[in-house]
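Reader: Hey, I'm new to this one and could use a walk-through. Can you take a look with me?

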Amino acid sequence: MKRSDNKNRSGFTLIEALIATVLIGIAIAALVTSNISHTQANAYGMHTSTAEFLIEEIKAMTMPLEVTDPNSGTSVYGPEADEIAVTDYDDLDDFDGVTFNPPVDVNGNVLSDFSEYSQVVIVENLDPGDFTNVVADHGSAIVRVSVSVEMNGKEISSTNWIRAQQ
Ligand SMILES: [Ca+2]
Ligand SMILES: [Ca+2]
């Protein structure tokens with residue numbers, strides 16, 4: 001009996017072509033997924049760098065300031081009545097509870113190109129014997145300034161530092 005010539009074929013069968021197509025599809029899907037996560041990682045890195053820059057601006061702006069107001073001392077926690085703009089602020093507690101959106105630079109200039117970011121500032125007095133313990137406003141000579149930067153309401157980066165009254 002003569003065998004069929006089908007065994008001596010060349011080229012692909014339909015099944016082989018389908019398998020090749022599926023494999024190529026999987027490879028392309030993997031490449032696209034990898035490229036998307038790389039782009040997302042880059043975007044996250046850029047937001048983090050921007051947030052750290054915006055934190056540094058607040059740190060540089062508040063660094064020269066006294067812990068309490070040079071005129072009213074401890075009588076007001078927050079900005080004094082004549083201190084309307086950030087450029088009027090002259091002590092640390094003036095910044096308590098303030099959110100800058102758009103954010104501001106070291107000189108108090110509005111950074112309108114970064115309007116999706118906010119700088120959120122909290123100023124608290126700490127127990128001199130235990131810095132984990134927050135005391136009443138003006139309740140000690142130790143102050144913690146906390147700054148977090150949010151993007152569209154979501155925190156990107158935050159930090160805090162401690163200052164002592166001179
Ligand atoms: Ca003040
Ligand atoms: Ca004040």
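Reader: Let's start with strand S3, residues 130-135. How many of its six residues are buried?
Author: Zero of the six are buried, so S3 lies largely in the open. One thing to keep in mind throughout is that this is a predicted model.

Reader: Ok. Which strand does S3 pair with?
Author: Strand S2, residues 117-127, pairs with S3 in the antiparallel sense, over three bridges. The two form a hairpin, with two residues between them. In that pairing, Asp127 stands opposite Asp130 of S3.

Reader: Let me zoom out. How many helices and strands are there in the protein?
Author: One helix and five strands. Going along the sequence, the pattern reads α-β-β-β-β-β.

Reader: And how big a box do the C-alpha atoms fill?
Author: Roughly 115 × 35 × 20 Å, along the principal axes. The radius of gyration is 30 Å, whereas a compact globule of 166 residues would be near 15 Å.

Reader: What share of the residues counts as buried?
Author: 20% of the 166 residues. As for contacts between residues at least 6 apart in sequence, 48% of them join residues at least 24 apart.

Reader: Tell me about the helix. How far does H1 reach?
Author: Helix H1 covers residues 14-62, which is 49 residues, and it reaches 72 Å from its first C-alpha to its last. That is close to the 72 Å expected at 1.5 Å a residue.

Reader: Which residues of H1 are buried?
Author: Ala51, Leu54, Ile55, Glu57, Ile58, Met61 and Thr62.

Reader: Some of those numbers are three or four apart. Why would that spacing matter in a helix?
Author: An α-helix has 3.6 residues a turn, so residues three or four places apart point the same way.

Reader: Got it. What do the buried residues of H1 pack against?
Author: They pack against S2, strand S4 (142-151) and strand S5 (154-164).

Reader: How about Gly45 in H1, is that one buried or exposed?
Author: Gly45 lies in H1, and it counts as exposed because it has 10 C-beta neighbours inside 10 Å. The cut-off for exposed is 12 or fewer.

Reader: How far is Gly45 from Pro102 in space?
Author: Their C-alpha atoms are separated by 20 Å, and the two residues are 57 apart along the chain.

Reader: Where does Pro102 sit?
Author: In the loop between strand S1 (99-100) and S2. The peptide bond leading from Asn101 to Pro102 is cis, with omega near 0°. For background, most peptide bonds are trans.

Reader: Back to the strands. How do S2 and S4 pair?
Author: They are antiparallel, over 10 bridges. Within that pairing, Tyr117 has Met151 of S4 as its bridge partner.

Reader: And what about S4 and S5?
Author: S4 and S5 also pair in the antiparallel sense over 10 bridges. Ile142 stands opposite Ala164 in S5. The two strands form a hairpin with two residues between them.

Reader: Which residue in that turn has a positive phi?
Author: Asn152, at about 50°, although it is not a glycine. It is exposed, since 8 other C-beta atoms lie within 10 Å.

Reader: What sign of phi do most residues other than glycine have?
Author: Most have a negative phi.

Reader: And what is the phi of His138?
Author: His138 has a positive phi of about 60°, although it is not a glycine. That residue is found in the loop between S3 and S4. With 17 C-beta neighbours inside 10 Å, His138 counts as partly exposed.

Reader: One last residue, Ile162. Is it buried or exposed?
Author: Ile162 lies in strand S5. It is exposed, because 10 other C-beta atoms lie within 10 Å.

Reader: What is Ile162 in contact with, leaving aside its neighbours within four places in sequence?
Author: Leu126, Phe131, Ile142 and Arg144. Take Leu126: it is 36 residues from Ile162 in sequence, and the two are 8.9 Å apart, C-alpha to C-alpha.

Conventions
Residues numbered from 1 in each chain as written. Chains lettered and ligands numbered in written order. Predicted model: local features only at pLDDT ≥ 70, side-chain atom pairs only at ≥ 80, totals over all residues. Helix = DSSP H or I, 4+ residues; strand = E, 2+ residues; numbered from the N terminus. Rg over C-alpha atoms; globule rule 2.2 N^0.38 Å. Contact = placed C-beta atoms within 7 Å. Pairing = 2+ DSSP bridges. Expected span 1.5 Å × (residues − 1).
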